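Colleague: I am new to this structure and would be grateful for a close look at a single part of it. Please take one helix and the spaces in the model, and explain how they relate.

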Amino acid sequence: MIIASGIAAASYETLKVDVTNEVLTLTINRPKALNALSRQVISDLRDAVSQLRNSLGKKTPDGTVDWSIRGLIITGAGDKSFVAGGDITEMSAMTADEVRQYAGQAQELTSWLEELPVPVIAAVNGFALGGGSEMALACDMIFAAEDAWFGQPEVALGLIPGFGGTVRLQKVVGPQLAADLIYSGRRINAEEAKTIGLASRVYESDSELLAGTHKYFESVRAQSPIAVATAKRTVREVAHLSISEGLKAELDAFTTCFTTDDMREGTSAFVEKRKPTFTGK
Ligand code: CAA
């Protein structure tokens, strides 16, 4: 099945789903709890993201490749919060075994977001705290509204980050700033988040944030989907490697591009001074 039509028709208890111009928006929809990540939210997100994982970039029965979704936006319902973290009310009643399963499933979800063959943007409208900030960190980019707040306040609850924050925050902002934020639990605003490289863009309002995120995806949609997917995979892969290992991985990926129809089409179109028509193969 072409994933865009399947996912557009999906219905979830805690998610709103929208597909516009080949971009899927998943809006976490528990505004009364500031979109905290209850077990149900994690389960709904896992279902939606696993559908993308199973289809995008894969051959369909008619021999085409499913690139019907070119990007994913994750955002929060209401004007106050992106995601205010793991659900503290639920966690307060969990045993250690139960929390291992809950956080394990959330961590796996963050890895799935990283592995999707299309760019994923966290459109942060309001609070991105604890697990909310950690989910945003697993996205390729964070775009924020001016009133966004980021933080890892877990130590105030006798906890530490559990959805990947100790691992990913330091890769983005460096170990000292990550330590500063995690040990103190202090919140930073959108401007500081941009200064330290956590958010890459800041918009004046929530509506400009969503419009700006869609505009960004317009430029992605003009590119070869398989090249974007290869670029994403390579950028992720080399982040963990030494320079020499990274260069080798990049060379392998660069060479692989020369086996694709899109590379032949893109380079021919340039030479022939016309617009390319990419098939994503
Ligand atoms: N879990 C469950 N419910 C939450 C929540 C959370 N993380 N954050 C907010 N809520 C609920 C509140 O309990 C409240 O519900 P009621 O109306 O039923 O009382 C509702 O959302 C509105 O919240 P507030 O009244 O507190 O709103 P506020 O504007 O006064 O404060 C806030 C906003 C500063 C974000 C505050 O809600 C807050 O500090 N929330 C908790 C943030 C936090 O500690 N997050 C980390 C969670 S632990 C974690 O995420 C671990 C991990 O790594 C997975």
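Modeller: The account below begins with helix α6 and then turns to the cavity and the pockets. The model is a predicted one. Helix α6 spans residues 165-173, and its buried residues are Gly-165, Arg-168, Leu-169 and Val-173. These four lie on the same side of α6, because they cover an arc of only 110° around the axis. The helices against which they pack are α4 (96-115), α5 (131-137) and α7 (175-184). Just after α6 comes Gly-174, with a positive phi of about 95°.

Leu-169, one of the buried residues of α6, also helps to line the largest cavity. A search of the whole structure finds one cavity of 30 Å³ or more, and the largest cavity holds about 50 Å³ of space. Among its other lining residues are Ser-133, Phe-150, Leu-181 and Arg-186. By type, the lining comprises five nonpolar residues, three polar and one charged.

Helix α6 also supplies at least two residues to the lining of the largest pocket, as do α4, α5, β7 (141-145), α10 (225-238) and α11 (243-257). This pocket contains about 980 Å³ of space. Its lining has 43 residues, and Glu-114, Asp-140, Lys-232, Val-235 and Arg-236 lie nearest its centre. The greatest contribution, 10 residues, is made by α10. The lining consists of 22 nonpolar, 12 polar and nine charged residues.

Note on methods. Residues numbered from 1 in each chain as written. Predicted model: local features only at pLDDT ≥ 70, side-chain atom pairs only at ≥ 80, totals over all residues. Heavy atoms only, no water. Buried < 20%, exposed > 50% of the residue type's maximum accessible area, 1.4 Å probe, protein only. Arc of directions from axis to C-beta. Contact = heavy atoms within 4.5 Å. 1 Å grid on protein atoms, 1.4 Å probe; cavity = no way out; pocket = protein on both sides within 12 Å on 5 of 7 lines; lining within 4 Å. Points joined across faces, edges and corners; volume = space filled by probe spheres on them. Nonpolar A, V, L, I, M, F, W, Y, C, P; charged D, E, K, R; others polar.
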